[in-house]
Amino acid sequence: MLAFLPSAVVRLAAAAALAFALTPAFAEPAPEGTVDMAKVLQPGPLKELEFGDPNGLPIVEYASLTCPHCATWDRDVFPQLKAQYIDAGKVHFIFREFSRNALDVAAFVLARCEGDDKTMATINLLFATQDKWAFVDNPLEGLIAALRPTGMSHDQAMACLKDQTKADAMNKLVDAAEKDVKVQGTPTFVIDGKVYGGELSMDDLNAILKPLVK
């Protein structure tokens with residue numbers, strides 16, 4: 001019985017129990033680096049794609065539409081983040097386009113051509129249908145077909161893709177992300193001046209955010 005254990009063992013067991021009780025269920029993931037958050041939040045060449053209270057804690061995501069990890073995060077984790085933190089006014093979420101290839105540029109340009117109020121919904125649609133256009137024999141035609149539910153015709157899509165101004169803006173967004181944040185892959189998140197690469201689970205986000213927001 002515990003009463004007959006040597007006192008040193010009892011103290012050790014008590015200390016271990018206390019340490020276990022004080023250890024968070026999920027530790028905060030280690031950031032890849034730090035950045036000047038004020039510089040990151042400076043507006044770019046396009047209207048920000050943002051959600052939530054502007055006074056909330058800023059989270060910036062850099063993502064690629066041809067990135068499977070980004071599509072998975074958008075489908076599985078973002079709705080939880082939105083419900084728990086964005087809709088509650090605790091987080092101000094900003095999505096930034098980070099094009100890894102010409103198809104990304106085309107997809108983001110087409111999403112922007114839908115109009116600022118529809119761009120994010122179009123991006124979500126393209127993430128949800130990524131396997132039907134990003135990894136097929138004729139991805140451009142697949143991309144245009146994926147946008148049919150939005151009402152964009154083939155002719156409208158082709159005309160939109162000739163908008164060099166939007167394409168140039170996409171390249172400027174990448175240049176700024178690489179220079180200011182050192183983005184190397186997608187998704188990448190910037191939270192409270194810390195840079196996190198790769199998919200962050202909801203457990204990861206809770207570990208990061210709970211000490212920062214009420």
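This report describes the fold, the nonpolar cores, three helices and the aromatic pairs of a predicted model.

**Overall make-up**

The chain has 214 residues, and 43% of them are buried. Its secondary structure consists of 11 helices and six strands. Among contacts with a separation of 6 or more, 76% are between residues 24 or more positions apart.

**Nonpolar cores**

The largest nonpolar core holds 52 residues, and Leu 81 and Leu 209 have the most contacts inside it. Helix α5, residues 102-113, gives the most to this core, with eight residues. Leaving out residues up to four places away in sequence, Leu 81 touches Ile 59, Trp 73, Ile 86, Phe 93, Met 202, Leu 205 and Leu 209. Another core lies apart from this one; it has 13 residues, including Val 35, Val 40, Phe 98 and Ala 177.

**Helix α10**

Helix α10 runs over residues 164-181. With 18 residues at 1.5 Å a residue, α10 should span 26 Å, and its end C-alpha atoms are 25 Å apart, which agrees. The buried residues of α10 are Ala 167, Ala 169, Met 170, Leu 173, Val 174, Ala 177 and Val 181. Seen down the helix axis, the buried residues of α10 fall within an arc of 160°, so they line one face. The face turned away from this buried side carries Thr 165, Lys 172 and Lys 179, which are exposed.

What covers the buried residues of α10? Helices and strands both take part: the cover includes α2 (37-40), α5, β3 (57-63), β4 (91-97), β5 (188-191) and β6 (194-197).

Both ends of α10 have a local feature. At the N-terminal end, Asp 163 acts as a cap, with a side-chain oxygen 3.1 Å from the backbone nitrogen of Thr 165. Just after α10, Lys 182 takes a positive phi of about 60°.

**Helices α3 and α6**

Asp 74 lies in helix α3, residues 68-76. Is Asp 74 buried or exposed? Its relative accessibility is 13%, and the cut-off for buried is under 20%, so Asp 74 counts as buried. Beyond residues up to four places away in sequence, Asp 74 touches Pro 79, Asn 124 and Phe 127. The C-alpha atoms of Asp 74 and Phe 127 are separated by 7.3 Å, although these residues are 53 residues apart along the chain.

Phe 127 is also one of the buried residues of helix α6, residues 119-128. The others are Thr 119, Met 120, Thr 122, Ile 123 and Leu 126. Down the axis of α6, the buried residues fall within an arc of 155°, so they line one face of the helix.

**Aromatic pairs**

The count comes to eight aromatic pairs. The table gives two of them.

| Pair | Distance of centres | Angle of planes | Type |
|---|---|---|---|
| Phe 51 and Phe 93 | 6.4 Å | 50° | tilted |
| Trp 73 and Phe 93 | 6.1 Å | 15° | stacked |

Why is the pair of Trp 73 and Phe 93 stacked? Planes under 30 degrees apart count as stacked, and the planes of Trp 73 and Phe 93 are at 15°, so this pair qualifies.

Phe 93 appears in both rows. At 1% relative accessibility, Phe 93 counts as buried. Trp 73, at 0% relative accessibility, counts as buried too.

The two pairs also join separate elements. Phe 51 lies in strand β2 (residues 49-51) and Phe 93 in strand β4, so their pair ties together parts that are 42 residues apart in sequence. The pair of Trp 73 and Phe 93 links helix α3 to strand β4, with their positions 20 residues apart in the chain. One aromatic cluster is formed by Phe 51, Trp 73, Phe 78, Phe 93 and Phe 189.

**Helix α11**

Asn 206 lies in helix α11, residues 202-209. The relative accessibility of Asn 206 is 15%, so this residue counts as buried. Neighbours within four places in sequence aside, Asn 206 is in contact with Gln 84, Tyr 85 and Pro 211.

Technical notes:
Residues numbered from 1 in each chain as written. Predicted model: local features only at pLDDT ≥ 70, side-chain atom pairs only at ≥ 80, totals over all residues. Heavy atoms only, no water. Core = buried A, V, L, I, M, F, W, Y, C linked by side-chain atoms within 4.5 Å. Buried < 20%, exposed > 50% of the residue type's maximum accessible area, 1.4 Å probe, protein only. Helix = DSSP H or I, 4+ residues; strand = E, 2+ residues; numbered from the N terminus. Contact = heavy atoms within 4.5 Å. Expected span 1.5 Å × (residues − 1). Arc of directions from axis to C-beta. Polar contact = N/O pair within 3.5 Å; in protein donor to acceptor, adjacent residues only side chain to side chain. Phe/Tyr/Trp six-rings, centres within 6.5 Å; stacked < 30°, edge-to-face > 60°.
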